[in-house]
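Q: I have this structure open and would like to go through it piece by piece. Can we start with what sits around the ligand?

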Amino acid sequence: MTGPAGVRCMLMRGGTSKGAYFLADDLPAEPAVRDALLLRIMGSPDPRQIDGLGGGHPLTSKVAVVSPSAGPEADVDYLFLQVGVDTAEVSDRQNCGNLLAGVGPFAVERGLVEPGGRDTSVRIRMVNTGDLARATFPTPDGRVDPTGDAEISGVPGSAAAVVVEFPPGAGPLLPTGRARDTVAGTDVTCVDNGMPTVLIPAESLKLTGYEDPADLEADRDLAARLHEIRLAAGELMGLGDVTGTTVPKLTLLAPPRHGGAVTTRTFIPVRAHTSIGVLGAASVAAGLRIDGGVGAPVAVLSEGGDRLRIEHPTGFLDIESSVGAGPDGLPTARRTAVVRTARKIFDGTVFPRAADPARPPAPTSGGQR
Ligand code: NQM
């Protein structure tokens with residue numbers, strides 16, 4: 001059989017997302033050429049991604065590009081790329097804490113990192129933001145063992161825990177410098193603890209916050225209202241015109257119903273998330289702790305302790321998050337940690353669809369969903 005050359009690739013579930021993991025050396029170095037190839041590998045643009053690896057949803061149309069780290073503070077560099085489903089776009093403007101969970105195991109499998117004994121810790125530089133993370137997972141007998149008893153909502157069964165810890169990021173926790181802003185007539189809190197996120201009380205949009213994601217997605221008036229809020233908040237957060245980008249995300253907040261701290265419905269930013277992203281949850285958790293923010297009156301926070309349970313449409317996500325005062329007196333994230341699981345699904349060679357000479361190369365930024 002002849003056709004385009006194959007590319008070494010590992011398909012992995014990372015947390016509640018699924019993506020194609022590549023060594024940077026196995027992909028073209030030039031971003032535009034790389035992104036055009038990734039579109040053909042994932043089967044985009046096509047709502048079903050029928051001719052590629054993508055699963056027809058933003059949460060299954062993701063790519064991780066991993067390489068030995070360029071700096072001493074990390075073992076590997078991880079670049080996240082969101083591949084448009086029905087758009088020919090590949091975006092590096094956001095990070096992904098779910099695919100992050102697979103990066104350590106992938107790095108060991110590909111020989112970038114030596115397994116450390118019973119457990120291995122991998123220091124990861126997240127190229128999209130420049131922030132660092134540490135992932136620790138079992139490697140009995142010097143091999144990645146994906147089996148274990150950790151369960152995460154949104155994934156059937158159990159698997160080995162991947163503990164992901166985030167030291168404070170470089171950017172401000174409150175990108176607007178304020179605990180609360182009024183945008184497009186709605187009070188919001190703009191927060192960034194790894195993922196730029198706009199927190200909105202569901203009640204202020206005449207929603208309960210317990211709606212089904214599919215019903216929220218189908219509500220055209222709501223979509224228009226959220227778009228308006230997002231554009232205004234994006235400007236205030238210093239992100240410029242966010243019309244075609246995947247950040248900021250929008251999270252609706254409502255009181256918890258199952259003993260957690262808060263209920264969430266998250267837009268990423270057009271499709272409604274079936275659970276919640278990891279860094280999205282990190283931003284929500286930190287945001288709930290902001291005095292004067294929109295989250296504090298909605299949330300139920302227990303006294304003391306860093307752990308929070310964030311309820312979402314398919315269960316909950318437990319996260320440890322602490323917030324203190326920075327040198328400028330503004331709130332700053334001290335520490336964030338979360339348990340995820342990840343699993344190699346296949347390892348092999350992926351064959352991209354043939355290049356379409358009539359199709360222009362992919363824009364390398366944007367990719368709204
Ligand atoms: O917030 C979805 C996901 C994500 C991103 C999204 C993520 C994160 O669930 O860290 O993991 O917000 O686009 O994979």
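Q: Which domains does the shell around the ligand draw on?
A: The shell takes at least three residues from each of domain 1 (7–161 + 342–365) and domain 2 (181–340). The domain bounds come from an automatic or database domain assignment. This is a predicted model: local features need pLDDT of at least 70, side-chain atom pairs count only at pLDDT 80 or more, and totals for chains, interfaces and linings use all residues. Residues are numbered from 1 along each chain as its sequence is written, and side-chain values use heavy atoms, with hydrogens and water left out.

Q: How many residues surround the ligand?
A: There are 16, and the closest are S17, K62, G97, H273 and L279. A residue is near a molecule if one of its heavy atoms lies within 4 Å of it.

Q: And how many of the shell residues are nonpolar, polar or charged?
A: Six are nonpolar, seven polar and three charged. Here Ala, Val, Leu, Ile, Met, Phe, Trp, Tyr, Cys and Pro count as nonpolar, Asp, Glu, Lys and Arg as charged, and the others, Gly among them, as polar.

Q: Which helix gives the largest share?
A: That is α5, with three residues. Both α2 (97–109) and α5 (278–288) supply at least two each. Helices are DSSP runs (H or I, at least four residues) and strands likewise (E, at least two), numbered from the N terminus.

Q: What polar atom of L279 lies 2.6 Å from a ligand oxygen?
A: A backbone N or O atom of L279 does. For K249, a side-chain N or O atom is 3.0 Å from an oxygen atom of the ligand. A polar contact is a pair of N or O atoms within 3.5 Å.

Q: How much of the ligand does the protein bury?
A: Alone, the ligand exposes 350 Å², and the protein buries 99% of that. The areas come from the Shrake-Rupley method with a 1.4 Å probe.

Q: New topic: which peptide bond before P248 is cis?
A: The one from V247 to P248, with omega near 0°. P248 lies in the loop between α4 (220–236) and β12 (249–254). The bond from S44 to P45 is cis too, with omega near -5°. Most peptide bonds are trans.

Definitions and conventions. A polar contact is a pair of N or O atoms within 3.5 Å; within protein, one must be able to donate a hydrogen and the other to accept it, and residues adjacent in sequence count only if both atoms are side-chain atoms.
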